[in-house]
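These are my notebook entries on a structure that I looked through chain by chain. I set down what I looked up and what I found.

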Amino acid sequence: MSLRLTVSNISKNYNGKPVLRDCSFSFDSSGIYVLMGPNGSGKSTFLRICALLECPDTGEVNFSSGSNIVRKDMELRRRISLVLPKIGLFNTTVFKNVAYGLKIRKMKKQEIEERVNNALELVGLIHKKSHTALTLSSGETQRVGIARAIVIEPEVLFLDEPTASLDPHSTTIIEETISKIKEYNRLTIIMVTHNIFQAKRLAESVLFMYEGRIIDHGSKMDFFEKPRDERVYKFITGQMVY
Amino acid sequence: MDSIIEGFLKAFSLIYNLNQELLGIIFLSLKVSGIALIISSIIGVPAGTIIGLRKFPGRGFIITLLNTFMGLPPVVVGLFVYLLLSRSGPLGFMGLLYTPSAMVAAQSILAFPIVASLCHSAIVTVDPIIGQAAITLGATPYQKAITIIKEARYGILSGIIAGLGRVMAEVGAILIVGGNIAGYTRVMTTTIALETDKGNFELALALGIILLTLSLIINVVLHLFQKKGMISE
């Protein structure tokens, strides 16, 4: 039974400044959810709280499996994965970077090898598995970051601007990888992006955040074709400066 | 000038012929410095790591203290250890004064702040994103700490090698607590000081050449580690 994420009334302040205000949403089914909104609207904070990297000041983040709420923090952490905008590869080989999540789960060497090879094959970097990770290009680094996150077969995958500052070629490879992951693994992907075209290509559902609130959400078709909120309309038509 | 050249020639001859007295002094130096480095690393690396990883009251004060003690005057340490180990001192009953053990104690005290402080610096300069990445991949707090230590490995090794450099070149403290007894507590640096005073330059020069060579090796290794560590920055 896959994990279902429900966020209830979460708020967060940084130095007294509200960043998230009473956000609630239920990610009911698997698929790709895209979080959009102008800079400073709270998307990354929302994602980091959902991925259990930060705690909200108020409100709750619940993961449930069937009708049971999963409460054990460590168990949950090991069933989800987050790819940060700055990947933070370890100063070792590409293979060892991708194997990290499996090693800390004390998996057998043979299984680790098999899964790492599959993940590297998926992101098109199998030929670089013996390279030092810190010598890779930005696009390759991002792909290793994604391979490192999916190799543990998470039930929910969080991606925070996975293609920020990448060239169109690298962006295409990352997008293809995300589509493949979704196709093969039937997991929930929650992704932050500023790129409207990317959202149109990848999203199944879109959430729009503005000044710390989720002000609109819906299927991709509804969101882009029939925006209900004037701010969403301005954003997707490029009138909102961000 | 002739006497200097003659001194160098005799020094090379001592090294080439593997003079027994020379070998004994080198062996004792390496033994005392090696043990002192192991002790200071066993205490200094975990201490530096904990200070680097944990936030606790008084942490800033401890860091300042460690940085200050990096420049501890060896003679002051020598005096301190002497007072502790002298017959009327609190540890006088152990009878360690004028023994290699007293020299190890003094050198360990000198190397500890260097190892701990440089180890702390290596830990805190690891990009915080490394720890976050470890958590997002399911690491426990312990596994996260191990990951950060692994990332800081070159910096930590640099700290240990810098500690070795300090103890190898030290003379003041071990002269006070070791007494420079021939064949027992006489090491390279104290022999150089003594033989220079006596005007016997050949043995002093031979030991000087060896000490410089060791120092060069230490610095080359240190440079290699720093270079390797720089890739991660």
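The entries below cover confidence, chain B as a whole, one of its helices, the contact with chain A, and a hairpin in chain A.

**Entry 1: confidence.** I noted at the outset that this is a predicted model. I looked up the overall scores and found an ipTM of 0.88 and a pTM of 0.84. For chain B I read an average pLDDT of 90, with 96% of the residues scoring at least 70. I then asked which elements of chain B have the lowest and the highest mean pLDDT. The lowest, 76, belongs to helix α1(B), residues 2-16, and the highest, 96, to helix α5(B), residues 100-124.

**Entry 2: chain B as a whole.** I counted 11 helices and 0 strands in chain B. I recorded a box of roughly 65 × 45 × 25 Å for its C-alpha atoms, taken along the principal axes. Of the 233 residues in chain B, I found that 40% count as buried. I also looked at contacts in chain B between residues at least 6 apart in sequence, and 78% of these join residues at least 24 apart.

**Entry 3: helix α7(B).** I asked which residues of α7(B) are buried. I found Thr147(B), Ile148(B) and Glu151(B). These residues cover an arc of only 95° around the axis, which means that they lie on the same side of α7(B). I next looked up what covers them, and the cover includes α2 (20-53), α5 and α6 of chain B.

**Entry 4: the contact between the chains.** I recorded 19 residues from chain A and 16 residues from chain B in the contact. On the side of chain B that touches chain A, I identified α6 (128-136) and α7 (141-151) as the elements that give two or more residues. I noted that α6(B) provides the largest share of that side, 6 residues. I then sorted the side of chain B that touches chain A by class, and obtained 7 nonpolar, 7 polar and 2 charged residues.

**Entry 5: a hairpin in chain A.** I looked up how β1(A), residues 3-14, and β2(A), residues 17-27, pair. I found the antiparallel sense, over 7 bridges. I asked which residue of β2(A) is the bridge partner of Thr6(A). The partner is Ser26(A). I noted that β1(A) and β2(A) form a hairpin with 2 residues between them. In the turn, I recorded a positive phi of about 50° for Asn15(A).

Conventions. Residues are numbered from 1 along each chain as its sequence is written. Chains are lettered from A and ligands numbered from 1 in the order in which they are written. This is a predicted model: local features need pLDDT of at least 70, side-chain atom pairs count only at pLDDT 80 or more; totals for chains, interfaces and linings use all residues. Two residues are in contact if their C-beta atoms, placed from the backbone, lie within 7 Å. Helices (H or I, at least four residues) and strands (E, at least two) are DSSP runs, numbered from the N terminus. Ala, Val, Leu, Ile, Met, Phe, Trp, Tyr, Cys and Pro count as nonpolar, Asp, Glu, Lys and Arg as charged, and the others, Gly among them, as polar. Two strands pair if DSSP finds at least two bridges between them. A residue is buried if 20 or more other C-beta atoms lie within 10 Å of its own, exposed if 12 or fewer, and partly exposed in between; C-beta atoms are placed from the backbone. pLDDT is the predictor's confidence in each residue, from 0 to 100. The arc is that of the directions from the helix axis to the C-beta atoms.
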